[in-house]
Amino acid sequence: SSPEATAVHPDDLAMVRAARARIESGRSDSERLVHRIVRSNGTTLWLDTTIRRVMWEDSPAIQVTIIDVTQAHLAEYRLQESEEMFRVIASTAHDAILMLNTRMEVVYWNPAAEQMFGYDASELARLTLDRLVVNANHGPSPTVTEPASPTGVQASPADPGAAKPSRRDLEPCGVRKDGSEFPVDVTTSTAVLRDGWHPVLF
């Protein structure tokens, strides 16, 4: 065999053999599977393999197409690991943490946020940011911009001719379920997940 000789990973061997058997017996015309191989140097690759029954020069044959998806698989694994780490940290944090979608709706919250704002989990889902955080003067709540923004957060556009609000006017207030307000110190960040970027407030 060549120096790059490979072998199917032991944990995936039964799956690969079963797919090949279905093709060779005629029970299936096409099989697609994602599996690992172990190269002769000990490294592991992830492959997207398609096996098809075809005709070649008037005779039955088997066509195998192999795509190396190692980098994509590793990226997906790292993303899952990062998301899980975020959830573990958020669930044990004493500060409220909210994750929003691009419509400024709450899509993730931690237990501290439930306690701080007085909502249970089902009530927090899809609430918009302006229901939870307002400026002290009861103007529009801050809006979070895409990561390209240097700060990640900006005040909603105002009339250019209007008087410049004071620092106190721009200080955010949290709004509980019962309508009571309390001062909050909001820090913003962004998280990139499978479906794009998400503003995170804590």
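Of the 202 residues of the protein, 32% count as buried, where buried means under 20% relative accessible area, exposed means over 50%, and partly exposed lies in between, with a 1.4 Å probe and protein chains only. The model is predicted, so local features need pLDDT of at least 70 and side-chain atom pairs count only at pLDDT 80 or more, while totals for chains, interfaces and linings use all residues. Residues are numbered from 1 along each chain as its sequence is written, and side-chain values use heavy atoms, without hydrogens and water.

The exposed area of the protein is about 13,200 Å², of which carbon and sulfur atoms supply 54%; accessible areas come from the Shrake-Rupley method with a 1.4 Å probe, and for residues only the protein chains shown count as cover. Among contacts between residues at least 6 apart in sequence, 37% join residues at least 24 apart, a contact being heavy atoms within 4.5 Å.

The protein has six helices and 13 strands. These are DSSP runs numbered from the N terminus: helices are H or I with at least four residues, strands are E with at least two. Two strands pair if DSSP finds at least two bridges between them.

| Strand pair | Sense | Bridges | Opposed residues |
|---|---|---|---|
| β2 (residues 30-39) and β3 (residues 44-56) | antiparallel | nine | Ile 37 and Leu 45 |
| β7 and β10 (residues 172-175) | antiparallel | three | Asn 135 and Pro 172 |

The hairpin of β2 and β3 has four residues between the strands, and Gly 42 in this hairpin takes a positive phi near 95 degrees.

Strand β7 also belongs to an open antiparallel sheet of three strands, ordered β7-β10-β11. Because β7 (133-135) and β11 (181-183) each have a single partner strand, they stand at the edges, and one side of each is left without a neighbour in the sheet. From one strand to the next the twist averages 40 degrees, with axes fitted as lines to C-alpha atoms and angles running from 0 to 180 degrees between N-to-C directions.

On the surface, Ile 62, Val 64 and Ile 66 make a nonpolar patch of about 270 Å². Patches are made of residues with over 30% relative accessible area and no salt bridge, and nonpolar side chains (Val, Leu, Ile, Met, Phe, Trp, Tyr) are joined within 5 Å, like charges within 9 Å. A salt bridge is a side-chain nitrogen of Lys or Arg within 4 Å of a carboxyl oxygen of Asp or Glu. Ile 66 lies in strand β4 (residues 59-68) and counts as exposed because its relative accessibility is 52%.

Pro 10 is in the loop between β1 (6-8) and α1 (13-24). Its relative accessibility is 62%, so Pro 10 counts as exposed. The C-alpha atoms of Pro 10 and Arg 36 are separated by 8.7 Å, with the two residues 26 apart along the chain.
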